[in-house]
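Open the model in your viewer and colour the chain by secondary structure. The tour goes from stop to stop, with a selection to make at each one.

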Amino acid sequence: MAWVRAQNALVARVVYVLILCIKRGIKFIVEQPWSSIVWQHPRWRYLEKKYGHLLYYVETDMGIYMLELVKKTVLVGTAPYLPSLGNVLSPAGRQAVLANPNKKATAKRYVDTEGNVRTQGGPDLKGTEHYSMMFGARHALLYKSHLGSAAETQVPGMSLQECDSDSEIGDEPESLSLIHI
């Protein structure tokens, strides 16, 4: 399927750019929904195998910042302040968000003709693609604080001689065509 191949190519390109960032000393954060399967992709696994010691994985609930929805998110990156962005709703906080009359309808559940429970995007799903102002402000303050307290000086990144090209990572196996990202 062309769509699946395109998504696999996208993951491969993102991993390639992230490796380049690591080698040049550039900090990054990747955000994915909690249910994402991108972490199972062979190229992402290569990134973890080779550079996993530099990555932080943080779970956060965007509902903490906007109180309009429960949106579990995974943040992965090399930014040293990233663990401070990990905030999970307490059970009481989750109930408060769910009870909010202004909460977003991001999913609809239904039972199909075969009796299976299914989920599809709700009317407000598209509106949750952007980050809330509170999340952006929290990130900006943490970044600013890190800059002010960073004892790091500009250190050149790793050598680009040792290239993490597609040939080093490996050709795209046929099994990738089955991965739906």
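Two strands count as paired here if DSSP finds at least two bridges between them. With that rule, start at the sheet of this predicted model. Three strands make an open sheet, ordered E1-E3-E2, and their pairing is antiparallel. Select strand E1 (29-33) and strand E2 (56-61): these are the edge strands, and each pairs on one side only. Turn the sheet and follow its twist, which averages 25° from one strand to the next.

**Stop 1: the strand between the edges**

Select strand E3, residues 72-77. Is E3 enclosed or open to the outside? Of its 6 residues, 5 are buried, so E3 is largely enclosed by the rest of the structure.

Now check its two neighbours. E2 and E3 run antiparallel and are joined by 6 bridges. Pick Asp-61: its bridge partner in E3 is Lys-72. Then go to the other side. E1 pairs with E3 in the antiparallel sense, over 5 bridges. Pick Ile-29 and look across to Gly-77 of E3, which stands opposite.

**Stop 2: the helix at residues 2-24**

Select helix H1, residues 2-24. How far does H1 reach from its first C-alpha to its last? The span is 33 Å for 23 residues, close to the 33 Å expected at 1.5 Å a residue.

Next, show the side chains of its buried residues. Towards the start of the list come Val-4, Gln-7, Asn-8, Val-11 and Ala-12, among others. Further along, the buried set includes Val-15, Leu-18, Ile-19, Cys-21, Ile-22 and Lys-23. Step just past the helix to Gly-25, where phi is positive, at about 80°.

**Stop 3: a helix pair**

Keep H1 and add helix H2, residues 42-51. Two packed helices are described by the angle between their axes and the distance between the axes. Here the angle is about 20°, and the axes lie 9 Å apart. Angles under 35 degrees count as roughly parallel, so H1 and H2 are roughly parallel to each other. The crossing of H1 and H2 is right-handed.

Which residues make the contact? Display these two sets:

- From H1: Ala-12, Val-15, Leu-18, Ile-19, Ile-22 and Lys-23.
- From H2: Arg-43, Trp-44, Tyr-46, Leu-47 and Tyr-51.

Go back to the H1 set for a moment. Ala-12, Val-15, Leu-18, Ile-19, Ile-22 and Lys-23 are also among the buried residues of H1.

**Stop 4: the hairpin**

Select strand E4 (residues 107-111) and strand E5 (residues 117-121). The two run antiparallel, with 5 bridges between them. Pick Val-111 and find Val-117 of E5 opposite. Then look at the connection: 5 residues lie between the strands of this hairpin. Gly-115 has a positive phi there, near 85°.

**Stop 5: the whole chain**

Zoom out. The chain holds 6 helices and 5 strands. Trace the elements from the N terminus: α-β-α-β-α-β-α-β-β-α-α. Colour by accessibility, and 31% of the 181 residues come out buried. Finally, draw the contacts between residues at least 6 apart in sequence: 66% of them join residues at least 24 apart.

How values were computed:
Residues are numbered from 1 along each chain as its sequence is written. This is a predicted model: local features need pLDDT of at least 70, side-chain atom pairs count only at pLDDT 80 or more; totals for chains, interfaces and linings use all residues. Side-chain values use heavy atoms; hydrogens and water are left out. Helices (H or I, at least four residues) and strands (E, at least two) are DSSP runs, numbered from the N terminus. The expected span of a helix is 1.5 Å times one less than its number of residues. Buried means under 20% relative accessible area, exposed over 50%, partly exposed in between (1.4 Å probe, protein chains only). Axes are lines fitted to C-alpha atoms, for helices over the stretch in contact, and angles run from 0 to 180 degrees between N-to-C directions. Angles under 35 degrees count as roughly parallel, over 145 as roughly antiparallel, 65 to 115 as roughly perpendicular and the rest as oblique. A crossing is left-handed if the near helix is turned anticlockwise from the far one by less than a right angle, and right-handed if clockwise. Contact means heavy atoms within 4.5 Å.
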